There are 6 protein chains.
Amino acid sequence: MFMPRTVLEEKLREILAEDIGQGDITTGLIVPAQTAVEAIVVCKEAGVAAGIEEAKVLLESLDLKAEILVKDGERIRTQQILIKISGNARTILSVERTLLNLVSRMSGIATTTRNLTEKLRRSGAKARIACTRKTAPGLLYFDKKAVQVGGGDTHRLHLDDMILIKDNHIAVAGSVEKAVKKAKEQASLSKKIEVEVTKTEDVLTAVEAGADIIMLDNFSPKQTAKAVAFLKGKKLREKVLLEASGGITAENVEVFASTGVDIVSLGEITNNTKALDVSLEIVKLK
Amino acid sequence: MFMPRTVLEEKLREILAEDIGQGDITTGLIVPAQTAVEAIVVCKEAGVAAGIEEAKVLLESLDLKAEILVKDGERIRTQQILIKISGNARTILSVERTLLNLVSRMSGIATTTRNLTEKLRRSGAKARIACTRKTAPGLLYFDKKAVQVGGGDTHRLHLDDMILIKDNHIAVAGSVEKAVKKAKEQASLSKKIEVEVTKTEDVLTAVEAGADIIMLDNFSPKQTAKAVAFLKGKKLREKVLLEASGGITAENVEVFASTGVDIVSLGEITNNTKALDVSLEIVKLK
Amino acid sequence: MFMPRTVLEEKLREILAEDIGQGDITTGLIVPAQTAVEAIVVCKEAGVAAGIEEAKVLLESLDLKAEILVKDGERIRTQQILIKISGNARTILSVERTLLNLVSRMSGIATTTRNLTEKLRRSGAKARIACTRKTAPGLLYFDKKAVQVGGGDTHRLHLDDMILIKDNHIAVAGSVEKAVKKAKEQASLSKKIEVEVTKTEDVLTAVEAGADIIMLDNFSPKQTAKAVAFLKGKKLREKVLLEASGGITAENVEVFASTGVDIVSLGEITNNTKALDVSLEIVKLK
Amino acid sequence: MFMPRTVLEEKLREILAEDIGQGDITTGLIVPAQTAVEAIVVCKEAGVAAGIEEAKVLLESLDLKAEILVKDGERIRTQQILIKISGNARTILSVERTLLNLVSRMSGIATTTRNLTEKLRRSGAKARIACTRKTAPGLLYFDKKAVQVGGGDTHRLHLDDMILIKDNHIAVAGSVEKAVKKAKEQASLSKKIEVEVTKTEDVLTAVEAGADIIMLDNFSPKQTAKAVAFLKGKKLREKVLLEASGGITAENVEVFASTGVDIVSLGEITNNTKALDVSLEIVKLK
Amino acid sequence: MFMPRTVLEEKLREILAEDIGQGDITTGLIVPAQTAVEAIVVCKEAGVAAGIEEAKVLLESLDLKAEILVKDGERIRTQQILIKISGNARTILSVERTLLNLVSRMSGIATTTRNLTEKLRRSGAKARIACTRKTAPGLLYFDKKAVQVGGGDTHRLHLDDMILIKDNHIAVAGSVEKAVKKAKEQASLSKKIEVEVTKTEDVLTAVEAGADIIMLDNFSPKQTAKAVAFLKGKKLREKVLLEASGGITAENVEVFASTGVDIVSLGEITNNTKALDVSLEIVKLK
Amino acid sequence: MFMPRTVLEEKLREILAEDIGQGDITTGLIVPAQTAVEAIVVCKEAGVAAGIEEAKVLLESLDLKAEILVKDGERIRTQQILIKISGNARTILSVERTLLNLVSRMSGIATTTRNLTEKLRRSGAKARIACTRKTAPGLLYFDKKAVQVGGGDTHRLHLDDMILIKDNHIAVAGSVEKAVKKAKEQASLSKKIEVEVTKTEDVLTAVEAGADIIMLDNFSPKQTAKAVAFLKGKKLREKVLLEASGGITAENVEVFASTGVDIVSLGEITNNTKALDVSLEIVKLK
């Protein structure tokens, strides 16, 4: 998910512009135009850093100097300094909240993702943690990027990058079989096809119709394990990836992962976010 | 926070466009162009509805018919139908996730806000619950609107609508007194002036310098109560509004509110969001 | 009203882009690509400089060097050089008109504002000069900024930064009292409430209902003075700010100001603008 | 200058969005969501109507009904009703100021233009009144459209629609002759070539080099008449259009026009605008 | 590639806006504002229709009535009427060129694609025709959509929807093996991995490293056939898709297809476009 | 057609953003963040360079160093290096396709234009080659710029820069005479008037009505020559420019040009484009 600087800058500019409105009236009144300062972005709780690259681009686009002290994906501890900033005081104070909102949301998501990933690693499960498209509205890029930084699978980036046939598509198509076949015939060879199934019977249908990934939607751990075993019995396990989805939380994620699926996906990674506590402090007036 | 339709439609279009990318390839392959359906948006857990007006505008902008069954701000129960939608199936399926992300985040924020508000009402405290600018990046409008729907105070909408002198401004200005005086002299008469203080001594300074609102930042409940008493003793309590801020959570909010402050503000309302579980189901193929 | 550079650059780019269309065909034909020049922006009549900061950002965004010789808000005399520019000749000639339109409109507004402000100062009145939202369409930021530079009060920056209850709101609400009470109950604590009254009787109603500012709309100077006296008599004068508005011009502004109101607002500052005559001259070919 | 609806709507939406900010907080608090009203746009002083088509598009884009009672370009008298509006009260109140700013600026420009045009007609001069690119920043379209509605010549719409060689281009090119010849050789056959001259001698040079229009810049009326006579003497008068420009005002416009030039251009039409006084009144609550 | 109406309308509005500039001055002068007409879009040469859905959305967004007489993907003959339009004459004339440019480019691409596809079908080859990202700048959506309408494979829609490791990536990574392994380890499970190889030896390496698709770049037909045979011999043919790419044209496409590859991709489909001749004729004045 | 850097950068950013989508996932996985490389843009076939200036602006906007080795408009030979690039490898690989699409389309158009122009020069005809508005949708600027670079006439840049009365305008106006007269009376003096005629009789009508340019639409070479002779006979040839248009191709362009017209216009220059083969190669890893 490498984003060239000009494209990222424009996304960041739009976010900043909303917060600025007609101008930062407080800063304009209190802070002299030429004042320069040094400031630090400090973490107030432990977690995983994310949004640091984005922060750097945002700061530099405003002609501020940004020294990065931690890389995206690194574990950070309480009171650790993440970024040193120097430059125009008005600019720093005007961008402060936008900067912190970005870093704190992205770091929060990365932290959650990393915690889940490590939990699975400790349990010995090989399944990968994935997020869904249940992000904050309009924040697909930032939320997915944070998941990636945290070590999770970004899953679909938007509606054009994989065929994912869900319950409502099947309702219109008539059956899992019809839906998958229709997709298989016409889809670009560059795309994988995933289908959501709600019954164990449909797993075989989906594999035979040509699905690349099968999402076991709202299966209990027991049902999930049964589906895995069933495919192994048919010697079809290697032909598809299996994704457990629905009702999975930090509490039960290991149980699902231990069933032998390839992917365990949780909407709550991006939907139930706890922002990491990050703050900006002026450390020196020049 | 009334937003005329064309302005809101544009915000919603940008959110939708990010998710669509180069097009919904699944829907384009599986769902015939002319298929019409009826669908419902259903709540999977109890809470407070928000984002319903925004959902209606989004759906109607896409030539879908949207029948609203619940108003923004109403309590909703599990399995309650919020919206009935009818129209082109491809369009409905393409907008599904964007629509749900909007309603679920906004309803989640409104639910949290309402719960806090009712907790205070039950405790007999008169303080108002307020949010901060710690929102998801770029979602100031939607997050603040959800807080309002939930009965909370939206506080600053962006950087241009109130003078709020924070720690970093004071660091540059030299002192609370200097900062407030500078603001008082030059600020537009249309704006209130709020100042963040970290010591009880500064409360009096701030009032005398002309602040309209004083934010007691990271005061303990005891310190907060002392500050209130101090101003009462000086017969200055009526001259300002007092806001408790920093370290306040759902657990301790009543304690802070009972100190006699006017506003209790929590970043976590918008920063630590739990999206309400909402889904879209096709109920009829035409 | 401090505006971070990237946000301001985008506003300026849009203005420039309209004037450029598909390209400056004259410059492209006449001026060689590599020609560098020095140019000056000169004032052709006396006034108050404004738009200089914006000009600098515009020029620098185009990789031109801009040396600012006068600060926003300074008095300037005929033939005074405001800015020295050096760089690519094509770029300078292409941006010339956009640059001059910006500086001349903003300086014109600042000059008018300053003249009014000084007139009041000389008369001994303490009232502040304010503008309204009667700006050129889409130029709220630049027009308000120019008023601020000229020493005037910017009043509302847009529709979200103060509750201002006008005649048409009162027509819908039923009465001044109902409208103000409704606002007082529900408005964010961060916002002031202003109400427009057309009868002296309503002044008291408005104060008692909790308005922070009362706009005396189309009151004659005599009626204005009477309203001030009335509130003093009731010992309520200190509780509100009073704004005289409607029918006020450069001719009668002192009369209104001398009645003892706090604010005198004139639509004509931004609505009846006389642009200051400013021109760009090439002084050196390199 | 016909502008298709979607393109115009987008320009208008951007203007409205700036004024709305995060929402019209007054209207949201005071006016119930479903209230419908009828309102009128009334003229408070006599003039020429302009911006009426733009107003209709703006209102209809917001799902309001707009009955147009006067056409762009018609003379209007004090208290005349220009537009009847009906629909949602919140929407009408939120768009009120944007609507009025548009109609009042455009009508003000059209009125000035018409007055100048009629003055020339009465004097018997055949010269046409033209505006320049000295408009409010970013308002080229609206300002030029208003001039056209008022009966004036729009001159260049932006930098790509005619070759106009000005003083600074000549400074770079070396001479009027060199500049015009360079343009004549390479310019698209679809474009006219105009050149600004500051000395009578250059008039002949310009004609012989192939200019289509000659701008007599800052010529006195006497010099202007002399240049006209000179070309007549050379039998070259019919080969070019002559434009008088610089230092022309409403006071001396007839003198310049009577010299026999084809075009008299005034920056002040768009640069020194007096907005026509227009207001919106609610006439019926439904 | 289903695109919801509002998202598509915005893309089309931007294209129209570029052509309109400050307004259609010819139409504004010649055509009365209220004139209504009926017009037809006629094909002047045989081909395959594409862009018809986009044309309908464009016309309807301008309040024109559009009756579609041919569906996207249908073969059309000379003089066939594609669309009947009725509505405002100014609007129709202003959008004419934008509309025709869209339909003629997209139909040209669809025609080329269909011709290639049918050529392969006739030859008995099962390979699919695919386009590349060599489109007109900024027209990825429209060009890819036209390829799909013509029966071709859209391949990557942009840089985020499949891992495609090209020569320059391999140059940086060090080898085909290293590059594919790196991708395989970290890529989202939702994405296929394609790798470009330039030597037969690398085919096996790529398969073993886990590539899903192998692009045989600039292989001769003989080399291509050899690579296919080699994989068959290793019983690995079913494990990957093979794409022939580079140097393929309408002339030699069957030779490449007959080698047994799955995909034959040609940049010239979108890069060497012959627009279909389409025109708009007014057939009735109302 | 000089385009200031910020305006051009924004056009280029939008094109790049479409191709990037949610990020270049291949480059993000394979190429380390800090890797720097040197790369070259090489031409794989002979032609005329165009888009080089645009390429430089695109590359520099991404903080890449771009050394230009050939100027727009120069003849280039196979294997010639056009640009040397150095900088961040991820950025270079992400922009590669956008860059090449731009240079190859523009160079293709310039090459075609130059070939046509030289063909006419060799034949001794003085007519100028012009393009039309039949460009790729949304690419008016880039396509017209390429034509200019190739030595052709850009004709109208969009709908606002010349009055061009076409068949459909005449159908509405009633006759060539009525249409031209209407335009002549009201058009801005800054604009030329061109009219399309389909019959020799209308040529005289058009000249007498005041047209500046007459487009002989779909005239055979013989009819074209006759029209030229007719005007000469009437001593009106010098009063207008004549443009041959319709049915003109690379094959017959000399025949049309030899008839004595001033302009020969071909839609196929921009509508039937053959992109020049250009590629990017990494030459050095740092």
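The following legends describe close-up views of helix H7 of chain C and of the contact between chains C and D in a predicted model. Local features require pLDDT of at least 70, side-chain atom pairs count only at pLDDT 80 or more, and totals for interfaces use all residues. Residues are numbered from 1 along each chain as its sequence is written.

**View 1. Buried and exposed residues of helix H7 of chain C.** In this helix (residues 176-186; helices are DSSP runs of H or I, at least four residues), C:Val176, C:Ala179, C:Val180 and C:Ala183 are buried (under 20% relative accessible area, 1.4 Å probe, protein chains only). These residues lie on the same side of H7(C) because they cover an arc of only 90 degrees around the axis. C:Lys178 and C:Glu185, on the face turned away from the buried side, are exposed (over 50%).

**View 2. Packing partners of H7(C).** Within chain C, the buried residues pack against strand S7 (163-165), helix H6 (167-173), strand S8 (193-197) and helix H8 (200-209); from chain D, helix H2 (25-30) joins them. Strands are DSSP runs of E, at least two residues.

**View 3. The contact between chains C and D.** Each chain is represented, with 64 residues from chain C and 64 residues from chain D (contact: heavy atoms within 4.5 Å). The two chains bury about 5,400 Å² between them, 59% of it on carbon and sulfur atoms (accessible area lost on being put together, 1.4 Å probe, summed over both).

**View 4. A salt bridge between chains C and D.** The side chains of C:Arg133 and D:Asp19 meet at 2.6 Å, N to O (salt bridge: a side-chain nitrogen of Lys or Arg within 4 Å of a carboxyl oxygen of Asp or Glu). Two salt bridges are counted between these chains.

Key: Chains are lettered from A and ligands numbered from 1 in the order in which they are written. Side-chain values use heavy atoms; hydrogens and water are left out. The arc is that of the directions from the helix axis to the C-beta atoms.
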